[in-house]
Amino acid sequence: MSAVFLVIDDDLVSQFTARYAVEQCGEDSQIYVCESAIEALDLLTQLRKEDKPIPDYILLDLVMPEMDGWEFIDKLQRYNANINTTKVFVMSAFTNSKDREKAKQHQFIEGYYEKPVSRNMIQNMIK
């Protein structure tokens, strides 16, 4: 079965580059794209209701209106036990040592990458 990716980013260019990077890995992956963390939580709820596979990988922007990436992670942790198999990677356009350190210490985050996302980054994530 192919991997399922969820890209959560409010920037259209970042959405495109993340999708393109995943597609360039040569895998037949399913890719969901959400413009907000709220939309992503709604999608996860819908997938669970419809008994569809939840994402294997989440590419998460931290700086978004309404609900930032950190708030999303807090809600995601309470979402459902099944989400524990999902690997979350933070994507940031800003080099912020505070966020990078917080991501390193956070048990739910697998890695921190600077935008734009590349094919090599995706390949490193799925190893």
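Buried, as the word is used here, means under 20% relative accessible area, while exposed means over 50% and partly exposed covers what lies in between. With that in hand, the charged residues of this predicted model are a good place to start. Lysine 115 has a relative accessibility of 19%, so this residue counts as buried.

Lysine 115 turns up twice among the salt bridges, of which the structure holds 3. One of its partners is aspartate 9, and here the closest N and O atoms sit 2.6 Å apart. This pairing ties together distant parts of the chain: aspartate 9 belongs to the loop between β1 and α1, lysine 115 to the loop between β5 (109-114) and α5 (119-126), and 106 residues separate the two. Aspartate 9 is buried as well, because its relative accessibility comes to just 4%.

The other partner of lysine 115 is aspartate 61, with an N to O distance of 3.2 Å between the side chains. Again, distant parts of the chain are linked, since aspartate 61 sits in strand β3 (residues 57-61) and lysine 115 in the loop between β5 and α5, 54 residues apart. At 5% relative accessibility, aspartate 61 is under the 20% cut-off and therefore counts as buried. Through these shared partners, Asp9, Asp61 and Lys115 end up in one network of salt bridges.

Elsewhere, lysine 52 pairs with glutamate 50 in a salt bridge, the closest N and O atoms being 3.1 Å apart. Neither of these residues falls in the buried class: lysine 52 is partly exposed at 42% relative accessibility, and glutamate 50 is partly exposed too, with a relative accessible area of 40%.

Some acidic residues take another role, at the surface. Asp10, Asp11, Glu35, Glu39 and Asp42 form a negative surface patch. Within this group, aspartate 11 lies in the loop between β1 (4-8) and α1 (12-23). Its relative accessible area is 34%, so aspartate 11 is partly exposed. That value also clears the cut-off for patch members, which must have over 30% relative accessible area and no salt bridge.

Turning to the cysteines, how many disulfides does a search of the whole structure find? The count is 0. Cysteine 25 is in no disulfide, and the nearest cysteine sulfur, that of cysteine 34, is 20 Å away. Seen from the other side, the sulfur of cysteine 34 has its closest counterpart in cysteine 25 at those 20 Å, which is too far for a bond, because a disulfide calls for sulfur atoms within 2.5 Å. Are these cysteines buried or exposed? Cysteine 25 is buried, with a relative accessible area of 16%, and cysteine 34 is also buried, at 2% relative accessibility.

Finally, there is the start of the chain. Serine 2 is found in the segment before β1, and its relative accessibility of 30% makes this residue partly exposed. Serine 2 and leucine 12 are 10 residues apart along the chain, and a distance of 25 Å separates their C-alpha atoms.

Methods:
Residues are numbered from 1 along each chain as its sequence is written. This is a predicted model: local features need pLDDT of at least 70, side-chain atom pairs count only at pLDDT 80 or more; totals for chains, interfaces and linings use all residues. Side-chain values use heavy atoms; hydrogens and water are left out. Patches are made of residues with over 30% relative accessible area and no salt bridge: like charges are joined within 9 Å, nonpolar side chains (Val, Leu, Ile, Met, Phe, Trp, Tyr) within 5 Å. Accessible areas come from the Shrake-Rupley method with a 1.4 Å probe; for residues, only the protein chains shown count as cover. A salt bridge is a side-chain nitrogen of Lys or Arg within 4 Å of a carboxyl oxygen of Asp or Glu. Lys and Arg count as positive and Asp and Glu as negative; His and the chain ends are not counted. The place of a charge is taken as NZ of Lys, CZ of Arg, CG of Asp or CD of Glu. Helices (H or I, at least four residues) and strands (E, at least two) are DSSP runs, numbered from the N terminus. Buried means under 20% relative accessible area, exposed over 50%, partly exposed in between (1.4 Å probe, protein chains only).
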